[in-house]
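Work through these short exercises with the structure open beside you. Try each task before reading its solution.

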Amino acid sequence: TNGNLARVLDRPRLESDRNSQLTITWKRTDPKTRQAEFQLDGAGTTGLKNYQIEKCHIGGNIASAHLALQNTEIILQSGASLHSSYATIDFSRETPTYDFEVVTKNLPVTDFAPIFPRSSRVSVDATLSGGGTSANNLVGSINAEISGLEQDNKPLPNIKFTATLERDSNGSGRRLDIITSSIADLTFRGKYNIETIGSIIGDRIQKISSSIKNRSNHSNDTLSVFSTNTSSCSDSVDLSYTANIKDLRPIAPFIPNMLLLGNGKLNGSVQGCENGEIAIATDGDIHNFLMRSRKQTSDSSGLPPMRLKDTKLSFLLEHIGNRESTLLHSLKADLKIHSDSTQRISGVFIDKPDMTTHLENENLNYSITTMLKPNVAIHVSGIGNISNSDLVFQPDSLSVGFGGPFVWYNDKKPHITIASDRSVEIDTLSMIKEKAGYDPVKPWLKQIADI
């Protein structure tokens, strides 16, 4: 027969020209327990992605509300193919369950993920099972390879990865997902929804950025108090993760205007409630990180705007609510960065940077010590406030060394204001010169001289 799926299913997107043969044998007529054997063979063109199907075979049986497919095979004229030895669906329960195996070869990735280059192809060998329509119920294994990646008409290494997806069968919602690839090895464990966790984290980070940017509009809002006790909410999140970043070169096609290289290790956690407050913690050990624009700049040295080496960092963000207008009132944040190596950011050499900051109740405590090459050392620590449109900083100590045994430091607390128009105002800045040495009252004198 000559069949048109679009007309049969009333779906114009499936407009097709299919030459097919369909055989059905019924053995029972009860709607719940009917049994049938069927087979579909055909070839043709479909309007869905304009696939040119060279061969299509779907066969199996349905009995007692169980659908079983065997040796399903679809081959495209382009050489791409899909094969499944078995696939079963159980419709007898309130929530249907499924179990299947599938192997694909050289499928165009852009048909499913437009972010990939048009030349890219994916081959997958997967065994998965689950229930309902939520991807959060998936368990099983996936082996995949993405090929055909290129940039500037030059081939890039293939991306190979394997994934193991596990979920507790006791209904606790806890998962263990492990992904290994040529880019990074990732492990996620705990209670979380794989469909929503990414968007939740992205939404809260965006709200932090917006609350700081629009802080002057929210200064009079009342504080809404939430709890990060995950046992007090039905949508609790308790996720921990580790990441071993190995090689970022294969992701170049996805950031065509940026050169990004690096390796290192990260571990952290996300805890809280999806619709309430969450806390995000991360510790990192960056071995090498390089980032710069691919466009040539006036910098003849060819060095990147940012290069980090042997850098340790940690940050903790607590009480991240889902209301932008009150987020700064509740947010508590800690950031630490330390390195014993020389870094370069925007063309400036920074040697052995050490920075700690603590934000709570819109007040910021900070301490920064570093050397700007070739021979300038700086130490500054104090308090600040970010609640208004202007950012106000009051250093308790501000010292500068230019090499040698002497250090310039402040004998009065200066008042530094960064206005919303990015202008800077400094008031009451008085610096005196003193010989560096051990001083329990001013310990930064020797500290800055020893850099």
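## Exercises on a predicted model

The model is predicted. Average pLDDT for the protein is 82, and 84% of the residues score at least 70.

**Exercise 1. Find where confidence drops, and state what contacts the model gives there.**

Step 1. Go to residues 223-228. The pLDDT is below 50 over this stretch. Beyond near neighbours in sequence, the stretch has 14 contacts in the model.

Step 2. Go to residues 298-303. Here too pLDDT stays under 50. The model has five contacts for residues 298-303 beyond four places in sequence.

**Exercise 2. Describe the protein as a whole.**

Step 1. Take the secondary structure. The protein has four helices and 28 strands.

Step 2. Take burial. The protein has 451 residues, and 34% of them count as buried.

Step 3. Take the surface. The accessible surface is about 25600 Å². Carbon and sulfur atoms account for 54% of that surface.

Step 4. Take the contacts between residues at least 6 apart in sequence. Of these, 46% join residues at least 24 apart.

**Exercise 3. How far apart in sequence are the parts that K246 and D185 tie together?**

Step 1. Check the pair. K246 and D185 form a salt bridge, and their closest N and O atoms are 3.1 Å apart.

Step 2. Place both ends. K246 lies in the loop between β15 (236-245) and β16 (258-273), while D185 is in strand β14 (residues 184-191), so the salt bridge ties together parts 61 residues apart in sequence.

Step 3. Classify both ends. K246 has a relative accessible area of 37%, so K246 is partly exposed. D185 is at 25% relative accessibility, so D185 also counts as partly exposed.

**Exercise 4. Set a salt bridge within one helix beside a salt bridge between two strands.**

Step 1. Start with the helix. D203 and K207 form a salt bridge with closest N and O atoms 2.7 Å apart. Both residues lie in helix α2 (residues 197-213). They are four residues apart, which is about one turn of the helix.

Step 2. Is each end buried or partly exposed? D203 is at 29% relative accessibility, so D203 counts as partly exposed. K207 is at 15%, so K207 counts as buried. The cut-off for buried is under 20%.

Step 3. Move to the strands. E318 forms a salt bridge with K332, with the closest N and O atoms 4.0 Å apart. This pair links distant parts of the chain. E318 is in strand β18 (residues 306-320), K332 is in strand β19 (residues 332-339), and the two are 14 residues apart.

Step 4. Look for a network. D203, R204 and K207 are joined into one by salt bridges that share partners.

Step 5. Give the total. A search of the whole structure finds nine salt bridges.

**Exercise 5. Which residues touch A279, T357 and L82, leaving out those up to four places away in sequence?**

Step 1. Take A279, in strand β17 (residues 278-293). At 16% relative accessibility, A279 counts as buried. A279 touches S269, V270, Q271, L317 and E318. The C-alpha atoms of A279 and D238 are separated by 9.8 Å, although the two residues are 41 residues apart along the chain.

Step 2. Take T357, in strand β21 (residues 348-360). Its relative accessibility is 19%, so T357 counts as buried. T357 touches A333, D334, L335, L364, N365 and Y366.

Step 3. Take L82, in strand β6 (residues 81-90). At 27% relative accessibility, L82 counts as partly exposed. L82 touches T72, E73, I74, V102, V103 and T104. L82 and D125 are 43 residues apart along the chain, and their C-alpha atoms are separated by 9.9 Å.

**Exercise 6. Which residues make the nonpolar surface patch of about 280 Å²?**

Step 1. Name the residues. V424, I426 and L429 make the patch.

Step 2. Place one of them. I426 lies in strand β27 (residues 424-427).

Definitions and conventions. Residues numbered from 1 in each chain as written. Predicted model: local features only at pLDDT ≥ 70, side-chain atom pairs only at ≥ 80, totals over all residues. Heavy atoms only, no water. Patch = residues over 30% accessible without salt bridge, like charges linked within 9 Å, V, L, I, M, F, W, Y side chains within 5 Å. Areas by Shrake-Rupley, 256 points an atom, 1.4 Å probe, with all protein chains shown as cover. Salt bridge = Lys/Arg side-chain N within 4 Å of Asp/Glu carboxyl O. Buried < 20%, exposed > 50% of the residue type's maximum accessible area, 1.4 Å probe, protein only. Contact = heavy atoms within 4.5 Å. pLDDT = per-residue confidence, 0-100.
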